[in-house]
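Trainee: Could you take one part of this model and go through it closely? I would like to see how the strand pairing there relates to burial, aromatic contacts and the nonpolar core.

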Amino acid sequence: MQTTVAPAFRKTTETFTAGAETLPQQYFVSPEVFAREQEKIFSRQWGCVGHQSEIAKAGDYFVREVAGESLIILRDKGGKLRGFYNVCRHRGTRLREDRAGQAACGHVTVIQCPYHAWTYGLDGRLIGAPHMDEGQGFNKADYPLHAVNLALWEGFIFVNLARASAPLKEWFAPLVGKFTHWNLAKLRSAKRTEYDVRANWKLIFENYSECYHCPGVHPMLSKVSPYDSSENDLCEGPFLGGFMSITKGAGLTMSGKACALPVGDIRSEDHARVFYYSIFPNMLLSLHPEYVMVHQLWPKSPERTLILCDWFFHPEAFDRDDFHPNDAIEFWDMTNQQDWHVCELSQQGIASRAYQPGPYSPRESIPAAWDREYLRYVR
């Protein structure tokens with residue numbers, strides 16, 4: 001088990017901006033704003049598409065849609081992670097129609113187009129093109145799959161569609177060492193749940209970033225984690241959040257008890273804390289002593305968001321008698337659905353002609369900061 005200990009939590013001076021208001025209506029309902037977000041944010045920024053444990057062996061792959069583009073994310077024969085546009089270089093045909101494949105059930109040794117059987121190696125090289133050698137001047141080396149920028153942060157896979165993008169390590173430089181003792185790169189997902197939420201993606205981020213709503217919306221959560229216990233250390237910029245306390249002797253599970261082996265070398269005080277961070281533009285990172293929950297947000301329209309939620313545990317936990325992942329999964333599935341319901345109610349109300357921006361409360365300083373960061377990209 002890793003013994004590196006992250007720097008002690010330091011609370012940043014957090015001030016509430018008087019007069020801060022929720023965003024105007026067009027940011028939640030306008031197709032034009034949605035298209036601008038896809039172009040200026042999701043086409044140009046690093047976004048999380050999964051975790052390296054999803055494609056642990058050569059030939060494992062998954063397909064993800066980013067800003068309207070279908071991408072194949074795979075591990076090649078040399079163990080390297082790669083990303084390619086899901087587009088054949090011959091006639092542009094979609095190469096993979098399925099969503100994923102792994103060694104036990106459908107991994108690949110090559111990628112072959114279903115139309116004219118152009119075939120690519122896992123490194124993207126064109127290795128087979130029937131009858132094309134009959135044409136003069138054709139060279140397979142000129143037609144590899146189009147690659148997409150791909151990099152890892154703490155075991156999570158990020159892609160960037162922009163041709164000239166800053167390295168991922170520069171983007172995440174402010175977080176170096178912050179999460180080391182959670183062993184994020186080593187964890188494995190016990191379950192993924194997909195939620196199709198009828199609400200704008202920004203409402204999901206804003207909801208995640210405050211617990212002002214928790215007493216009424218999350219009665220069970222509020223019993224084990226007081227809604228007014230939050231302390232934030234990241235209060236401006238693309239990374240926002242901090243921790244909330246866990247009631248002594250309790251856990252964020254249905255039973256109220258720990259459900260697995262600790263994920264890492266958790267400091268004593270952090271056994272009584274749950275950390276919540278939003279990673280702009282599409283990742284929500286929830287760090288518990290014995291599991292890590294991660295949401296990926298994929299906007300589908302101004303009023304619809306696809307959310308992928310994974311529960312990660314220490315790999316050694318899976319074979320132990322005290323491993324009860326459903327205890328945590330059921331707790332957060334219940335809590336997630338409570339959140340999605342109020343986000344959908346917000347979407348419905350914001351679409352009304354009666355809606356006007358409302359004032360943020362002092363307990364909503366992080367959503368207000370998230371709005372400021374978001375506006376930097378779309379204005």
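Mentor: Strand E14 (residues 273-279) and E15 run antiparallel and are joined by five bridges. The model is a predicted one. Between E14 and E15 lie three residues, and the two strands form a hairpin. Within this pairing, Phe275 is the residue opposite Leu287 in E15.

E15 also has a partner in strand E16 (residues 292-301), again antiparallel and again through five bridges. A hairpin of four residues makes the connection from E15 to E16. In E16, Val292 is the residue that Leu287 stands opposite. Leu287 thus faces Phe275 in the one pairing and Val292 in the other.

Strand E15 (residues 283-287) is mostly covered, with five of its five residues buried. Met283, Leu285 and Leu287 point one way from the strand, while Leu284 and Ser286 point the other way; all are buried. In a regular strand, side chains alternate between the two faces of the sheet.

Now the aromatic side of E14. Phe275 belongs to a cluster linked by ring pairs, whose members also include Trp153, Phe158, Trp171, Phe243 and Tyr277. The ring of Phe243 has a charge over it: the charged end of Arg273 lies 4.1 Å from the ring centre. Another such case is Lys202, which lies over the face of Phe28 at 5.4 Å from the ring centre.

The aromatic pairs number 32 by the rule applied here. One of them is formed by Trp201 and Trp370, which is edge-to-face because the ring planes stand at 80°, with the centres 5.6 Å apart. Trp201 is in helix H4 (residues 201-208) and Trp370 in helix H8 (residues 365-378), so this pair ties together parts 169 residues apart in sequence. Trp201 is buried, at 0% relative accessible area, and Trp370 counts as buried at 1%. The rings of Phe313 and Phe318 are also edge-to-face, since their planes are at 90°, and their centres are 6.5 Å apart. Phe313 is buried too, with a relative accessible area of 0%.

Next, the nonpolar core. Nonpolar side chains tend to be buried together in soluble globular proteins. The largest nonpolar core here has 82 residues, and Trp153, Leu252 and Tyr374 touch the most other members. Trp153 is also in the ring cluster that holds Phe275. Beyond its neighbours within four places in sequence, Leu252 has contacts that include Val274, Tyr276, His288, Tyr291, Phe331 and Trp332. A separate core of 16 residues lies apart from the largest one, with Leu95, Val108, Ile111 and Leu145 among its members.

Two other sheets can be set beside this part. Ile111, from the separate core, stands opposite Tyr120 in E7. E6 and strand E7 (residues 119-120) pair antiparallel over two bridges, in an open three-stranded sheet of order E6-E7-E8. Strand E6 (111-112) and strand E8 (126-128) have a single partner strand each, so each has one side without a neighbour in the sheet. The other is an open antiparallel sheet of three strands, in the order E1-E10-E9. Its edge strands are E1 (47-51) and E9 (149-153), each pairing on one side only. The average twist from one strand to the next is 35°. Four bridges pair E1 with strand E10 (residues 156-160) in the antiparallel sense, and Gly50 stands opposite Ile157 in E10.

Technical notes
Residues numbered from 1 in each chain as written. Predicted model: local features only at pLDDT ≥ 70, side-chain atom pairs only at ≥ 80, totals over all residues. Heavy atoms only, no water. Phe/Tyr/Trp six-rings, centres within 6.5 Å; stacked < 30°, edge-to-face > 60°. Buried < 20%, exposed > 50% of the residue type's maximum accessible area, 1.4 Å probe, protein only. Lys NZ or Arg CZ within 6 Å of the ring centre and 35° of its normal. Core = buried A, V, L, I, M, F, W, Y, C linked by side-chain atoms within 4.5 Å. Contact = heavy atoms within 4.5 Å. Pairing = 2+ DSSP bridges. Axes fitted to C-alpha atoms, helices over the stretch in contact; angles between N-to-C directions.
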